[in-house]
Amino acid sequence: MDPVRNPYAPGAGQRPPELAGRGRELDVFDVVLERVARGRPERSLMLTGLRGVGKTVLLNTLRSQAINRLWGTGKIEARPDQSLRRPVAAALHMAIRELAPHHRAPDRIDAFLGVLKAFALRANPPATGRGAPRLRDRWQPGIDVPASAGRADSGDIEIDLVELFSDAADLATDVGTGIAIFIDEMQDVGAEDVSALCAACHELSQLGGPLIVVGAGLPHLPAVLSAAKSYSERLFRYQRIDRLDRIAADQALCAPAGRESVEYEQKALDLLYEKSGGYPYFVQAYGKTTWDHAPRSPITAADVHVAAPEAEAELAVGFFGSRFERATPAEREYMRAMAALSFMGGAGSAGNGVAGESIAGDTAVGEGRDDMDAAVPTAEIAKSLGRKPASLSPARDALIKKGLIYSGERGTVAFTVPHFGRYLRTQPA
C-alpha cells in the first residue's frame with residue numbers, strides 16, 4: 001500500500017494518529033482542571049510507567065487540555081545533575097506570558113516577572129570570587145524587567161520555589177484561571193529540587209492556589225518523591241500508565257487505517273497484539289511496517305509475518321540497541337544477569353510478560369516468561385555472577401542513573417524498557 005498514506009507514528013513522544021486507551025486519564029484531568037478553576041482543593045498529578053507506554057504523549061495531551069481552558073502552561077524535561085532553576089523559570093515565564101493578555105493590571109505582571117527574574121538569576125555562580133564567570137558567560141533569563149530583591153532570591157531552592165509558585169498562583173487567581181507546569185522525566189530531578197517541588201505543592205494545596213505540577217516518570221517516581229518528603233504519598237495523585245488492552249490496541253491500529261479506507265483481518269490483529277504486547281510504541285512500530293509491506297486491504301496475518309522481521313530489526317537498533325550501547329561492559333554484564341533471571345524465574349511472577357525468546361515473543365509458551373514489570377532481587381544477580389552485592393553497586397547505580405533499570409522496592413531492580421530482557425538474550429555475549 002502507499003507508504004505516503006501510512007498513518008502510524010512510532011516516534012519518541014510523537015502523538016499517534018489515535019490516542020487509544022487513555023480516556024480515563026483525560027477525564028480525570030478535566031475534573032482536576034475544573035475543580036482548581038472553581039477554587040476546590042485538588043492534588044498535582046504524577047504519571048508513571050515504563051518507557052514506550054506513551055507518558056510523554058499523554059503529558060502533551062494534558063497540556064493541550066489546559067491550554068484549551070485558557071490556563072497558563074509551561075513544560076520542561078528534567079535532566080540528571082541539572083538544577084531546576086533555569087528550566088522552571090523558563091516554563092513559568094511561558095505560562096505567565098499566556099496569562100498576561102487577560103490580566104487587567106500590567107504592573108502586577110511586571111512585578112511578578114521581577115521576582116521570576118531574581119529567582120532565575122540565582123542559577124548563576126557568584127559574580128565575584130573564585131570560579132566567577134566572565135560577564136559575557138553569565139546567563140540571562142530573557143525577562144525585560146529589572147530583577148526584584150527580597151522575594152524568591154534567597155538561594156535556598158525550597159524557600160524560593162515556595163514563594164515563586166505562591167506569587168504565580170496569585171496572578172492566576174486574578175485572571176480566574178490556573179497555571180500548570182509539566183515536567184517530563186521527573187525521576188531525574190535532583191533530590192534537593194524534588195524536595196523543593198514537594199514543599200511548593202504542599203504550600204499551594206494548603207492555600208488552595210490554582211497552580212499544579214503534572215509530572216511523568218519511570219515506575220520508581222513515587223519512591224523518589226517519598227524519599228524527599230514523607231507526605232508526598234498524600235500530596236500527589238498517582239496514575240500508572242500501562243500497556244494497552246486488546247480493545248484499545250485494536251482501536252489504535254484500526255481507527256487510523258479506517259480513515260484511509262483500509263481494514264484488518266481478525267487474525268492479523270491477533271498476531272499484531274501478540275507481537276507488540278500492547279505497548280503503544282510497539283503497536284505503532286509493527287503497524288507502520290505491516291502497512292508498508294501489505295499489498296492491499298484487508299491486511300492479513302501473512303502480511304504481519306512478512307513485516308515483523310523489519311519491525312524487530314528497527315526496534316533492535318533504535319529502541320533497544322541505542323540504550324544497550326550506552327552501558328559499559330560491567331553494566332552490560334549486570335543487565336545480562338538480570339535478563340537471564342527474569343526469563344528463568346518470571347513464570348511465577350505477576351508481571352505483564354509475553355511468552356517467548358524472540359523480540360516479538362512468538363516462541364512456545366512454557367519456555368519462560370519475560371515479565372518486564374517483575375523485579376529481580378539484587379542478591380540473586382550477585383549470586384549468578386559469583387560476586388558480592390556491594391561490588392556490583394557501582395554498576396547498578398550507574399544503570400539507574402542512565403535510566404536503563406529502576407529500583408521500585410529495596411533490594412530489587414527491573415528494566416525500564418519493555419521486552420529489554422528478551423532483546424538481551426538474543427544478543428551474543
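Which backbone oxygen lies 3.0 Å from a polar atom of the side chain of Ser232? I pulled up the model, a predicted one, and looked: the backbone oxygen belongs to Leu225.

**Ser232.** I stayed with this serine for a bit. Ser232 sits in helix 8, which covers residues 232-235. I checked whether Ser232 is buried or exposed. Its relative accessibility comes out at 0%, and the cut-off for buried is under 20%, so I put Ser232 down as buried. Then I listed what Ser232 touches, skipping residues up to four places away in sequence: Cys198, Leu225, Ser226 and Tyr238. Leu225 turns up again here, as a contact of Ser232 as well as the owner of that backbone oxygen.

**Cores.** Next I went to the nonpolar side chains. The largest nonpolar core has 72 residues, and Phe29, Tyr264, Tyr334, Met335 and Phe420 touch the most other members. Helix 12 (residues 301-325) gives the most to this core, nine residues. Another core lies apart from it, with 50 residues, including Ala78, Ala89, Ile157 and Val213.

I also clicked on Phe29. Beyond its neighbours within four places in sequence, Phe29 is in contact with Leu45, Leu62, Gln65, Ala66, Phe182, Ile212 and Val214.

**Confidence.** How far do I trust the coordinates? The mean pLDDT of the protein is 87, with 89% of its residues at 70 or more. Residues 346-373 are another matter: pLDDT stays under 50 there. The model still has 79 contacts for residues 346-373 beyond four places in sequence. Where pLDDT is low, predicted coordinates should not be read in detail, so I leave such contacts alone.

Note on methods: Residues numbered from 1 in each chain as written. Predicted model: local features only at pLDDT ≥ 70, side-chain atom pairs only at ≥ 80, totals over all residues. Heavy atoms only, no water. pLDDT = per-residue confidence, 0-100. Contact = heavy atoms within 4.5 Å. Helix = DSSP H or I, 4+ residues; strand = E, 2+ residues; numbered from the N terminus. Buried < 20%, exposed > 50% of the residue type's maximum accessible area, 1.4 Å probe, protein only. Polar contact = N/O pair within 3.5 Å; in protein donor to acceptor, adjacent residues only side chain to side chain. Core = buried A, V, L, I, M, F, W, Y, C linked by side-chain atoms within 4.5 Å.
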